[in-house]
Amino acid sequence: MAAISSAPRSSATPGKTTRRHAWMVRTLLILALLACDSLALNAAFVGVFLWAGRTDAEFAAALAAVGPVTWLSSLLFLNLSMAVAFVGSSLYSLRRGVSRVDEFFKVVVAVSLGAFATLILNAMQPQFGRDPLPWNERVLLSGWGGAVAGVVTLRLVHRSVLTGLRKRGIDVRRVLIVGTRDPGRVVFDTIRRQPEMGYHVVGFISNSTPVGTLIDDVPVLGKPTSLGRVIRATHADEVIIAVSGRTPAEVLDLVALAEDESVDIKLYPDAFQLITNNDVSIGDVSGLPLIGIRNVALDNPVNRALKRGLDLVVATLVLTFGSPIMLLIALLIKLESRGPVFFVQERVGLDGKPFPTFKFRTMRVDAPLIGNWTTKDDPRVTPLGRFLRRYSLDELPQFINVIRGEMSVVGPRPEQPVWVERFSQSIPRYMRRHKQKAGITGWAQVNGLRGDTSIEERTRYDLYYVENWSLLFDIKVIIKTIVDILAGKNRGY
């Protein structure tokens with residue numbers, strides 16, 4: 001088999017389709033698991049009260065005095081409490097290779113926390129004019145035991161079905177192993193022995209073994225320098241770096257090569273002490289210890305949906321209430337100088353793809369012929385343009401880009417393709433900032449890094465945002481941007 005050495009970045013569309021399908025399958029599996037837990041918990045809750053009502057006359061009389069609203073609210077409290085407890089215990093992450101014993105103890109803890117929270121909420125019902133649902137020690141212990149037994153039983157059924165699906169190629173992750181010596185063989189053998197984990201090794205990356213060599217029918221596809229191209233060509237979901245005798249710098253170089261792709265990255269033993277910050281988490285795959293490099297938060301479709309929802313809300317409000325101002329600006333631009341109202345320029349966005357950005361024209365029509373990089377007191381800027389840039393009003397049309405899905409309200413600022421090409425060659429991990437949509441404002445901008453400032457420093461802020469994204473982080477940046485504009489601190493040039 002020939003080396004994979006020239007797969008273009010633009011050919012990643014089939015891989016993206018595959019990943020979207022994988023996320024849909026995984027979402028359905030999580031929903032099925034959620035349904036199993038809900039069935040077990042509600043059956044245990046209702047069942048124990050029915051049983052207690054039939055075997056204890058005094059308890060039955062107390063239950064008869066309770067109205068339907070109390071029953072419904074109690075069921076709501078139970079489901080909400082258990083959902084928070086189960087999510088907080090990471091019981092819906094569907095981690096591969098997790099032992100049944102570990103899962104059992106997590107279920108016990110989650111059911112205990114959920115039951116405790118339900119009792120507290122039930123005791124608060126009189127505050128809302130309702131009688132609390134009666135209970136006693138026998139009901140509590142029986143319900144707790146029934147819930148644990150039911151959840152564990154249905155989770156075993158779910159696990160068995162999932163194992164069967166994975167053996168048939170559903171919910172399978174494509175894995176590249178970097179290294180063909182002992183550490184790489186250990187990882188490969190572990191995966192091969194346990195097909196129920198849902199891993200499929202598509203190939204090896206190695207410097208020591210010739211490209212094209214077959215290792216138990218799995219080919220060596222390239223050398224470490226071609227890692228990114230191999231990932232794109234094979235549509236790999238995960239890269240496991242299992243090398244020996246490498247320096248810390250060499251291992252980190254391998255991590256950097258894989259970081260620019262939308263893959264999970266894990267390191268095997270020899271690299272354990274190389275990274276000691278918050279970018280890693282220690283886990284295991286069926287007893288095989290691995291270090292996981294932090295994934296981009298927006299690889300999660302739920303997070304992407306939340307961010308997209310915020311973008312649409314903010315962009316719709318700005319374009320609706322800002323339309324009179326935008327019409328006035330367009331008229332003033334026409335009155336000030338000849339030329340178009342809008343300045344349309346190609347910029348680079350998500351996954352390195354170019355797109356047209358819209359801004360109000362703030363420079364002379366011949367500005368691109370004079371230079372590409374904007375500097376302070378740039379002579380190409382018109383008087384009106386200088387005012388618009390001072391208060392970031394020239395960027396209002398970019399909310400159209402947000403509606404179109406090409407940009408986000410918050411994200412790394414987009415650059416022209418020529419600068420992206422140059423910066424990606426000279427600044428480590430620069431392309432990782434393109435793992436999210438470009439933004440109208442960003443973490444770097446609200447920290448004073450606008451215009452002709454250090455690209456290295458801007459990249460550090462952008463990468464921090466990409467790797468630590470949350471909805472609250474976006475809201476914080478939006479609020480800080482508004483405050484800075486009103487205070488005159490958000491001045492561009």
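This passage describes the overall make-up of a predicted protein model, followed by its largest cavity, one residue of helix 5 and the surroundings of helix 11. Because the model is predicted, local features need pLDDT of at least 70 and side-chain atom pairs count only at pLDDT 80 or more, whereas totals for chains, interfaces and linings use all residues. Residues are numbered from 1 along each chain as its sequence is written, and side-chain values use heavy atoms, with hydrogens and water left out.

The protein contains 16 helices and 12 strands, these being DSSP runs numbered from the N terminus (helices: H or I, at least four residues; strands: E, at least two). Of its 493 residues, 46% count as buried, a term that denotes under 20% relative accessible area, with exposed meaning over 50% and partly exposed in between (1.4 Å probe, protein chains only). With contact taken as heavy atoms within 4.5 Å, 73% of the contacts between residues at least 6 apart in sequence join residues at least 24 apart. The protein exposes about 24,600 Å², of which carbon and sulfur atoms supply 63%, as computed by the Shrake-Rupley method with a 1.4 Å probe.

A cavity is here a set of points, on a 1 Å grid over the protein atoms alone, where a 1.4 Å probe fits but cannot get out, and its lining residues have an atom within 4 Å of a point. Grid points are joined across faces, edges and corners, and a volume is the space filled by probe spheres set on the points. By this rule there are 4 cavities of 30 Å³ or more, and the largest cavity holds about 310 Å³ of space. Its lining comprises 20 residues, with Phe-45, Phe-49, Leu-78, Thr-118 and Leu-140 lying nearest the centre. At least two lining residues come from each of helix 1 (13–55), helix 3 (68–88), helix 4 (100–123) and helix 5 (137–167).

Helix 5 also holds Val-148, which counts as buried because its relative accessibility is 7%. Beyond its neighbours within four places in sequence, Val-148 is in contact with Phe-104, Val-107, Val-108 and Val-111.

In helix 11 (residues 383–390), the buried residues are Leu-384, Gly-385, Leu-388 and Arg-389. Seen down the helix axis, these fall within an arc of 135°, so they line one face of helix 11, the arc being that of the directions from the axis to the C-beta atoms. Their cover includes helix 9 (301–336) and strand 10 (354–360). Helix 11 is followed by Ser-392, which has a positive phi, near 60°.

Conventions
1 Å grid on protein atoms, 1.4 Å probe; cavity = no way out; pocket = protein on both sides within 12 Å on 5 of 7 lines; lining within 4 Å.
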